[in-house]
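Reader: I am new to this structure and would love a close look at one part of it. Please choose a good place to start, and then show me what lies beyond it.

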Amino acid sequence: MDKDEDGNYIATTKTYTVKEKVGNNTTIAYDTKVYNVAVTLVDNGRGTITATANPAHNTYNLTNSYGANGELPFEASKVMDGRDFQEGDEYTFTVTGSPRNTAPLPANDVVTIHPTSGTTATVDFGKVSFDLDDAGKTYTYTVTETGTIDGVAIDTAKTFTVYVQDDGTGQLNIRRNNARGDVVNKATFEFTNKFTPVQAQINVTKSINDWGEGDGGSFRIYVDPVNGTYADGTAISKDDVPLPAMMKIYHFNFADASKAAPTVTFSGFEYTKAGTYNYEVYEQVPEDATDNGDGTFTVPEGAEVTL
């Protein structure tokens, strides 16, 4: 304390700052509070000095907290078996967690993809972020696939269970299934879709006005592609219209007692994409047949019928 001219001590006020020095431990959250205190010193004339603090209390609280975090990327692979992806394909994948109200979810818990080529695709859900509140807990994640594509069987739901473990250094280790499981760096889900072509057939009924008599004969009936339109409005060229395995040659016996109109079935049509497909069905007219002018022909008796 300073003295005046008479040698008496002069009241003096000194200001102090109380704060925490920030360290370099990245797992510790340091307290940033700053306390300023003014201490006034007064000679009481009895050989002692009185110190008065402002504010009056002498307790200052500085609190530190420990933090830990971790991340786990979520990714699904999709494989198409039986054909390539094509225009119009759409598949939606949804991630849910259990316990439902506490399990943290990835950044994108619903993802829709539209692959148009190849046989494999990747679904990126982003990352799940864990913090210290998740340490010691187990979460089970389920990914489901939805979509309605002709001929494509949607795969079943897939699950992935993790245990969150604090390693004491501010890092959360994500282990598979439980505390003894392997540390995992990514949650992966595999989906395989089986494509089965849509099968179809064309039935042609052959009417015969006069069976006549004889040993037998045959018809030659053909199916030719014309064009079409896919479900998305894209035109289908003649070359892309599916065909049956072969034309049909129908043999019959003129003396058949039933005289039933024969049915010719063209099978083996396989469709890989929704749409409307147009065909022309016709029969070959023999050279010696007479055109009746009304869409019918007369074949000479005894001649082989190759219509």
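**A sheet of mixed pairing, and beyond**

Author: Let's start with an open sheet of 4 strands, in the order β9-β6-β14-β11, where the pairing is mixed. Its edge strands are β9, residues 120-131, and β11, residues 152-153, and each of these pairs on one side only. Two words need a meaning here: strands are DSSP runs of E with at least two residues, and helices are runs of H or I with at least four, numbered from the N terminus. Two strands pair if DSSP finds at least two bridges between them.

A word on the source: this is a predicted model, in which local features need pLDDT of at least 70 and side-chain atom pairs count only at pLDDT 80 or more, while totals for chains, interfaces and linings use all residues. Residues are numbered from 1 along each chain as its sequence is written, and side-chain values use heavy atoms, leaving out hydrogens and water.

Now look at the edge strand β9 again. Its partner is β6, residues 69-81, and the two run in the antiparallel sense over 11 bridges. If you would like one position to find on screen, Ser77 stands opposite Thr122 in β9.

There is another open sheet to visit, this one with 5 strands in the order β8-β7-β10-β12-β13. In this sheet the pairing is antiparallel. The edges are β8 (110-113) and β13 (172-176), with each pairing on one side only. Strand β12, which covers residues 158-166, joins β13 over 5 bridges in the antiparallel sense. Within this part of the model, Val164 stands opposite Ile174 in β13.

Stepping back, the protein chain comes to 22 strands and 0 helices. Among its 307 residues, 30% count as buried, meaning under 20% relative accessible area with a 1.4 Å probe and protein chains only, where exposed is over 50% and partly exposed lies in between. As for contacts (heavy atoms within 4.5 Å), take those in the protein chain with a separation of 6 or more: residues 24 or more positions apart account for 65% of them.

Next come the charged side chains. The structure holds 7 salt bridges, each a side-chain nitrogen of Lys or Arg within 4 Å of a carboxyl oxygen of Asp or Glu. One of them lies between the side chains of Lys33 and Asp31, at 2.4 Å from N to O. Asp31 sits in the loop between β2 (28-29) and β3 (34-43). Asp31 counts as buried because its relative accessibility is 9%, whereas Lys33, at 35%, is partly exposed. Leaving aside residues up to four places away in sequence, Asp31 touches Glu20, Asn61, Leu62, Thr63 and Asn64.

A further salt bridge links Arg83 with Asp89, at 3.1 Å from N to O. Here Arg83 and Asp89 are both buried.

Lys158 and Asp155 form a salt bridge too, with their closest N and O atoms 3.4 Å apart. Lys158 has a relative accessible area of 21%, so this residue is partly exposed. Asp155, at 18%, counts as buried. If you return to the 5-stranded sheet now, you can place Lys158 in strand β12, which spans residues 158-166.
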